[in-house]
Amino acid sequence: MPSTARGALAGRTVSRVGYGAMQLERLHDDRAAAVALLRRAIELGVDHVDTAQFYGNGFVNGVIRDVLPSAEDLLVATKVGADPDPGAPIPLRLAQRPEELRASVEDNLRSLGLDRIPLVNLRRADRRPGVLAEGAQLVGLDDQLAVLTALRDEGKIGAIGLSAVTLDILRRALPVGIACVQNAYSLVGRDGEDLLELCVAEGIAWVPFFPLGGDFPGMPKVTDEPAVRAVAQALGRTPAQIGLAWLLHRAPNVHLIPGTASAAHLEANLAAAEIELDGETLAALDAIPARSMDVSLG
C-alpha cells in the first residue's frame, strides 16, 4: 500500500482520502441514491466523512445517520460557526457566538443521531475565501474555545479542529489541543504554507478545502494548469487525480475530503491515494506559480 494511504486524525488512523459530504445535497430529491453513494464510499475504504448541519439544512446529516448503523467505525467530522439560512443567496449565515456554537453542536448531535461527535471544526471567519465576520459575529477566540472545550469535557465532542483561520489564531489555540486545521489550500493556492508547517511540527492534521482550486470568480483551478495536464497524460491519470496526489505527497499529515455526487468520480478521487509521484514530477508541479485564494464568496 502506498505511503500516502493512511494517517492520523483526531486520535484515529484513517484513510487519508475521506469524503466531503456537502455534494450529497445535490441528491436531495433522491435520498436513496445519496445513501447508496455514501455506502459505496465506505465499501471503498472511506472511514472519514466531513459534514455540517448547514449542508442541505440537515439533509446531509440525515443521510449519514441512515448509514451509521452499518458503519460504526466511521469518523464523522462536522463544523460549527455557521447555521442554515434556507432561501438566502448563500444558504448559511455566520453563527460565531458561544451560545450559537453550543446550539449548533446540539443540532448536529440530533440530526446525526449521535451521543458524541468524533471531531468538530470551529469554522472561524478570519480570512477568505468566504464571508468575513463583522458586528455581533466578531467573537473572540478564547470565548469560542471555552465552549468547545466544555463540550469536549461533557463528552459531546471528541476532538476540536479549526477552519478558515490565520497563523496567529492557530498558535493561540494550541494549548487547548487542536486535532486538525481546514483551510483553503491547493497546488495553485498555497496561502497557508506557514500554517501547514506549524501543523506538521505540532502533529495536527491538515485538511484542505478547495483542494483543486475553485470554480468561483478569481479562484485558479489546478486542472487548468498545463504542467498538471502533462503529468496526468504521462501517468494515465486525470488532472484532478494529479492535483489530489500532489497534496498527499506535500506532507504526511495531509488528509483530503473531496466531494462528489457521482460514483465514478468518487472512485477516481479515492484512486488518487494510489498515485506515486517521483522527485522529478514533484519538482515540475512545485514550480507551478501559486496564486492568492483571497476572494469573497458572498
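**Close-up views of a predicted model**

**View 1. The buried side of helix H7.** In helix H7, which covers residues 226-235, the residues Val 228, Val 231 and Ala 232 are buried. Looking down the axis of H7, you'd find its buried residues within an arc of 100 degrees, so they line one face of the helix. Flip to the other side of H7 and you get Pro 226, Gln 233 and Ala 234, which are exposed. What do the buried residues of H7 pack against? Their partners are H8 and helix H10 (279-286). Right after H7 comes Gly 236, with a positive phi near 70 degrees. Keep in mind that this is a predicted model.

**View 2. Tyr 185 and Trp 206, an edge-to-face pair.** The count of aromatic pairs comes to four. In one of them, Tyr 185 and Trp 206 sit edge-to-face, with 5.6 Å from centre to centre and 85 degrees between the planes. This pair ties together distant parts of the chain: Tyr 185 belongs to the loop between strand E10 (180-182) and helix H6 (193-202), while Trp 206 is in strand E11 (residues 205-206), 21 residues apart. Buried or exposed, where does Tyr 185 fall? Tyr 185 has 0% relative accessibility, and the cut-off for buried is under 20%, so Tyr 185 counts as buried. Trp 206, also at 0% relative accessibility, counts as buried.

**View 3. Tyr 185 and Trp 246, a stacked pair.** Here the ring centres of Tyr 185 and Trp 246 are 6.2 Å apart and the planes make an angle of 25 degrees; planes under 30 degrees apart count as stacked, so this pair is stacked. Again the pair links distant parts of the chain, with Tyr 185 in the loop between E10 and H6 and Trp 246 in helix H8 (residues 239-250), 61 residues apart. Trp 246 counts as buried, at 1% relative accessibility. Put Tyr 185, Trp 206 and Trp 246 together and you have one aromatic cluster.

**View 4. The surroundings of Ala 205 in strand E11.** Ala 205 is buried, with a relative accessible area of 2%. Which residues does Ala 205 touch, once its neighbours within four places in sequence are left aside? The contacts are Ala 8, Leu 9, Ala 179, Cys 180, Val 181, Asn 253 and His 255. For a distance to check on screen, the C-alpha atoms of Ala 205 and Gly 161 are separated by 9.0 Å, with these positions 44 residues apart along the chain numbering.

Terms used:
Residues numbered from 1 in each chain as written. Predicted model: local features only at pLDDT ≥ 70, side-chain atom pairs only at ≥ 80, totals over all residues. Heavy atoms only, no water. Phe/Tyr/Trp six-rings, centres within 6.5 Å; stacked < 30°, edge-to-face > 60°. Helix = DSSP H or I, 4+ residues; strand = E, 2+ residues; numbered from the N terminus. Buried < 20%, exposed > 50% of the residue type's maximum accessible area, 1.4 Å probe, protein only. Contact = heavy atoms within 4.5 Å. Arc of directions from axis to C-beta.
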